[in-house]
Amino acid sequence: MSTTSPAGRAAVAELAEHANQRERLAWYADMARWAPSKHNSQPWCFEIRDGRLELASDPQRALRVTDPVGREMVISLGAAVHVATVAMRSRGYEPTLRLLPDGRVRLAEGAPREVRDDDRLLCREISRRRTDRGPLDASGLSRSLPFLLQSAASAYGVTLRLVTAEGDRRSLAALVERADRLLVQQHGVDDELRPWLRDARDARSDGVPASHTRGAAASYRAEFVQRDFSTGTSAPGQDRPGRDAAMVGVLCTAGDTSADWLAAGQALSSVLLRASTSGAHASYLNQPLELPALRAELQRDLLLPGPPQVVLRLGVGGPVAPPPRRPVQDVLRYG
Ligand SMILES: Cc1cc2nc3c(=O)[nH]c(=O)nc-3n(C[C@H](O)[C@H](O)[C@H](O)COP(=O)(O)O)c2cc1C
């Protein structure tokens, strides 16, 4: 028989609930680490305080040469925020989000909600989603997928403009190639990328495995030039045979503020997880977005409804091992 008073039992129950909530919040942070980020820089830090999870950019991981205003850093943060909300829904809580004036995002468990099959499905994709720079084939994907992806983006006020006309694809390809050359020639770009390249025996928990590339030669023969992540000693593991007929889309926002970038990151993660439920991988054609004149040209040429934030290829690819992530204890602290 328990000797604890009713008040004591209530306190214990509250403590247990609190402990469970802390565990859940830690798990949401754990899952958020699997969001995509530029150069796998994982430019975020998380904190649990007052029963909430706060997510913030980590300026020490900024890529100031190609992302001087932190636009892509905030997009990466937005993707992490989205992944945390997907994890939260799968545990039966409606996420409530608050953007704080200093750019932190405060995520709290809102009302309990029924866990739907779709919540579980999306949560399962967090660890299965892959960036794949090799040939991607969209021809076998369901005909409804483009609409599902567009509505995934529009839930965040972001437009996913699909690039379908031959002429538009050619214009985009030419612009990406031009941007890729200009970036390679631009002072500091190579020096910024090199510290994030990881050869096979490099066990660091961030950066891009140097095999996760198509290689410059194969990439320049393909429809779209991909950013090259090779080192002098690596083999381009994503240079494989296969049909290369990707769906191509551009995520566009209404404005170009940090709130727009955060929404773009949430939309990006939502599109990627939804695509992953159909077995599709993704890769990025973001080179023109890192050169203001070419970014404006892209918006003009493709008659985009607003500033382009991310350019994506989507389709079924090959096997890709998960790139590394920093351990949760390195990114999460308790306030
Ligand atoms: C904002 C942003 C920009 C990115 N830009 C590029 C890019 O230009 N080229 C590229 O190949 N991958 C790009 N990526 C993909 C990252 O390299 C990738 O997410 C990271 O290496 C981790 O791999 P994963 O997505 O398979 O987990 C970008 C990702 C984000 C979120």
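Where is the place of Leu-303? In this predicted model, Leu-303 sits in the loop that runs between α9 (292-301) and β10 (308-315). The backbone there is worth a look, since phi of Leu-303 is near 50°, a positive value in a residue other than glycine. For context, most residues other than glycine have a negative phi. Leu-303 counts as exposed, because it has 8 C-beta neighbours inside 10 Å.

A second residue invites the same kind of look. Asn-40 is not a glycine either, and its phi is positive at about 50°. This residue belongs to the loop between α1 (6-32) and β1 (44-49). Asn-40 counts as buried, because 22 C-beta neighbours lie inside 10 Å.

Asn-40 also leads to the ligand. The ligand has 19 residues around it, and those that come nearest are Pro-36, Asn-40, Thr-131, Tyr-284 and Asn-286. Two elements, α2 (71-90) and β9 (281-284), give two or more residues to this shell. The largest share comes from α2, with 4 residues. By class, the shell around the ligand holds 6 nonpolar, 8 polar and 5 charged residues. Domain 1 (9-129) and domain 2 (145-315) each supply at least three residues of the shell.

These two domains are the ones given by the domain assignment of the protein. Their C-alpha centres are 23 Å apart, and 28 residues of domain 1 make contact with 26 residues of domain 2. On the side of domain 1 that touches domain 2, the elements giving two or more residues are α2 and α3 (117-125). Here, the largest share, 11 residues, comes from α2. This side of domain 1 is made up of 15 nonpolar, 9 polar and 4 charged residues. Helix α2 thus appears in two settings: it gives the largest share of the shell around the ligand and the largest share of the side of domain 1 that touches domain 2.

Attention now turns to the strands. Strand β2 (residues 52-57) and strand β4 (residues 105-112) run antiparallel and are joined by 3 bridges. Within this pairing, Leu-53 stands opposite Leu-107 of β4. Strand β3 (residues 93-99) also runs antiparallel to β4, with 6 bridges between them, and Leu-99 of that pairing faces Val-105 in β4. A hairpin is formed by β3 and β4, with 5 residues between them. In its turn, Gly-103 has a positive phi of about 95°.

Another set of strands makes an open sheet of 4 strands, in the order β5-β8-β10-β9 and with antiparallel pairing. The edges are held by β5 (159-162) and β9, each with a single partner strand, so one side of each is left without a neighbour in the sheet. From one strand to the next, the twist averages 30°. Between β5 and strand β8 (residues 247-252), the antiparallel pairing extends over 4 bridges, and Leu-160 has Leu-251 in β8 as its bridge partner. Helix α4 (residues 145-154) packs on this sheet, where it touches β5 and β8. The direction of α4 makes about 150° with that of β5.

The sheet also ties back to the earlier parts of the picture. Edge strand β9 is one of the elements that give two or more residues to the shell around the ligand, while β10, a strand of the sheet, borders the loop in which Leu-303 is placed.

Technical notes: Residues are numbered from 1 along each chain as its sequence is written. This is a predicted model: local features need pLDDT of at least 70, side-chain atom pairs count only at pLDDT 80 or more; totals for chains, interfaces and linings use all residues. A residue is near a molecule or strand if its C-beta atom, placed from the backbone, lies within 6 Å of it. Ala, Val, Leu, Ile, Met, Phe, Trp, Tyr, Cys and Pro count as nonpolar, Asp, Glu, Lys and Arg as charged, and the others, Gly among them, as polar. Domain bounds come from an automatic or database domain assignment. Two strands pair if DSSP finds at least two bridges between them. Axes are lines fitted to C-alpha atoms, for helices over the stretch in contact, and angles run from 0 to 180 degrees between N-to-C directions. Two residues are in contact if their C-beta atoms, placed from the backbone, lie within 7 Å. A residue is buried if 20 or more other C-beta atoms lie within 10 Å of its own, exposed if 12 or fewer, and partly exposed in between; C-beta atoms are placed from the backbone.
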